[in-house]
Structures are given as structure tokens and as C-alpha cells.
Amino acid sequence: MAIFQQCAPTKTISTQGAEEYNEDLSQYRIQYADSIAQSKSNSIDPNPEKIITTASALPTPNSVTEDISAYFDAVDDLNRRNNEYQGFTLQVYTGNSREEANNAKLKVYQALPDAEPAVRFQTIWRTRVGEYANRLEAQQDYFALSKLFPNVLLVPETFRTVD
């Protein structure tokens with residue numbers, strides 16, 4: 001039998017008091033030229049809302065953009081060396097029956113005549129369709145197959161490049 005004695009917080013925080021938090025962030029806000037004052041002049045400016053200060057002036061001491069860019073560059077280099085690329089495929093069947101996997105493949109041919117579905121065995125039978133570089137490319141086929149296969153999944157996969 002376990003007894004939990006320290007379930008309640010040990011520190012109480014009071015929200016009462018006259019303390020007020022103030023911080024001036026006006027130096028970091030993007031400022032625009034006054035479009036009303038510009039419109040009073042005779043010249044017409046097609047874009048009167050000109051940025052005076054840019055967001056790049058903001059200090060970003062904890063920025064990870066460079067680290068992420070370096071990581072993605074390293075992944076791209078590795079994929080190029082291995083002749084691979086990351087993409088997506090549509091999985092229409094997963095189960096223990098090879099016959100049902102092949103039936104799913106036939107249904108895919110009926111729904112998408114140009115598709116090239118593949119049946120694979122990886123501890124269970126899977127029927128997958130297509131090689132898409134991103135989710136948007138797969139969207140049209142996904143909707144067409146979802147009418148026949150209510151459990152269709154968009155799954156990430158690594159594909160070999162053709163040399």
C-alpha cells in the first residue's frame with residue numbers, strides 16, 4: 001500500500017497585491033509610414049504602408065534557425081549519397097491475409113487506373129500506393145481512395161531515387 005503525502009503544492013502564490021508588470025515593447029514593433037499624411041500629397045504611392053523598421057531588428061539570442069538549417073542540409077546530403085528521398089505513400093490495407101491485400105490492390109486499380117499499388121510482407125501484409133514528395137501531392141489520390149478504403153493512411157516512407 002502506497003501513501004502519497006506530498007500531493008499538495010508546497011509553495012503558495014498570491015495574486016493579490018499592487019504589483020503591476022510593465023514592459024515597453026514599442027521599440028520592437030513594426031512601424032509603418034503614415035498613409036493618411038502621404039495621401040494628402042499629389043503623388044499616388046501604390047504601397048503607402050511602408051515598413052520603417054523590420055522584424056529582423058529583434059534580438060534573437062535563442063534562435064535555432066541556423067541549427068535546424070544545418071540539420072536539414074546534413075539530412076539532404078545523406079539522402080543524396082544514399083540515393084534516397086523522404087516522401088509519403090498511401091496505405092490502403094494492413095493485415096494477416098495475403099488474399100485481402102491482393103484484393104485491395106485490385107480495388108486500387110479500379111479507382112486509380114494509373115496507380116502502381118504494391119503488396120509487401122513486413123511481419124504483416126501491407127498494400128501501399130504511390131510515391132509522393134509531400135502531403136499535398138497525395139491529397140487527390142487520398143480522397144479518391146478514402147471512398148473505397150475508409151481506413152486509408154498517409155504514411156511517411158523513404159524512397160530510392162532512380163539514377
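This is a chat about a sheet, a helix residue and a pocket in a predicted model.

Visitor: Let's start with the sheet: in what order do the strands sit?
Guide: The open sheet is formed by four strands, and their order is β2-β3-β1-β4, with antiparallel pairing. From one strand to the next, the twist averages 45°.

Visitor: And which strands stand at the edges?
Guide: Those are β2, residues 118-122, and β4, residues 153-160. Each of these has a single partner strand, so one side of each has no neighbour in the sheet.

Visitor: How many bridges join β2 to β3?
Guide: There are five bridges between β2 and β3, the latter covering residues 124-132, and the two strands run antiparallel. Among the paired residues, alanine 118 has arginine 128 as its bridge partner in β3, while valine 119 has threonine 127.

Visitor: What's in the turn between those two?
Guide: The two strands β2 and β3 make a hairpin with one residue between them, and threonine 123 in that turn has a positive phi of about 65°.

Visitor: How about β1 and β3, how many bridges there?
Guide: Six bridges join β1 to β3, again in an antiparallel arrangement. Within β3, tyrosine 132 is the residue that stands opposite phenylalanine 88.

Visitor: Switching topic: where does tyrosine 109 lie?
Guide: Tyrosine 109 is part of helix α3, which spans residues 98-111. Once its neighbours within four places in sequence are left aside, tyrosine 109 is in contact with Ala115 and Pro117. Its C-alpha is 9.9 Å from that of valine 129, and the two residues are 20 apart in sequence.

Visitor: Why does tyrosine 109 count as partly exposed?
Guide: Its relative accessibility is 36%, and partly exposed is the class between under 20%, which is buried, and over 50%, which is exposed. Tyrosine 109 therefore falls in that middle class.

Visitor: Okay, pockets now. What volume does the largest pocket have?
Guide: The volume of the largest pocket is about 190 Å³. The elements that give two or more residues to its lining are β2, β3 and β4, and the largest share, four residues, comes from β3.

Visitor: Which residues line the largest pocket?
Guide: Among them are Ala118 and Arg128, the bridge partners mentioned earlier, and the lining also includes Val129, Glu157 and Phe159. Ala115, a contact of tyrosine 109, is one of the lining residues as well.

Visitor: And how does the lining split by class?
Guide: The lining of the largest pocket has six charged, four nonpolar and two polar residues.

Terms used. Residues are numbered from 1 along each chain as its sequence is written. This is a predicted model: local features need pLDDT of at least 70, side-chain atom pairs count only at pLDDT 80 or more; totals for chains, interfaces and linings use all residues. Side-chain values use heavy atoms; hydrogens and water are left out. Buried means under 20% relative accessible area, exposed over 50%, partly exposed in between (1.4 Å probe, protein chains only). Contact means heavy atoms within 4.5 Å. Two strands pair if DSSP finds at least two bridges between them. Axes are lines fitted to C-alpha atoms, for helices over the stretch in contact, and angles run from 0 to 180 degrees between N-to-C directions. On a 1 Å grid over the protein atoms alone, a cavity is a set of points where a 1.4 Å probe fits but cannot get out, and a pocket is an open set with protein on both sides within 12 Å along at least five of seven lines; lining residues have an atom within 4 Å of a point. Grid points are joined across faces, edges and corners, and a volume is the space filled by probe spheres set on the points. Ala, Val, Leu, Ile, Met, Phe, Trp, Tyr, Cys and Pro count as nonpolar, Asp, Glu, Lys and Arg as charged, and the others, Gly among them, as polar.
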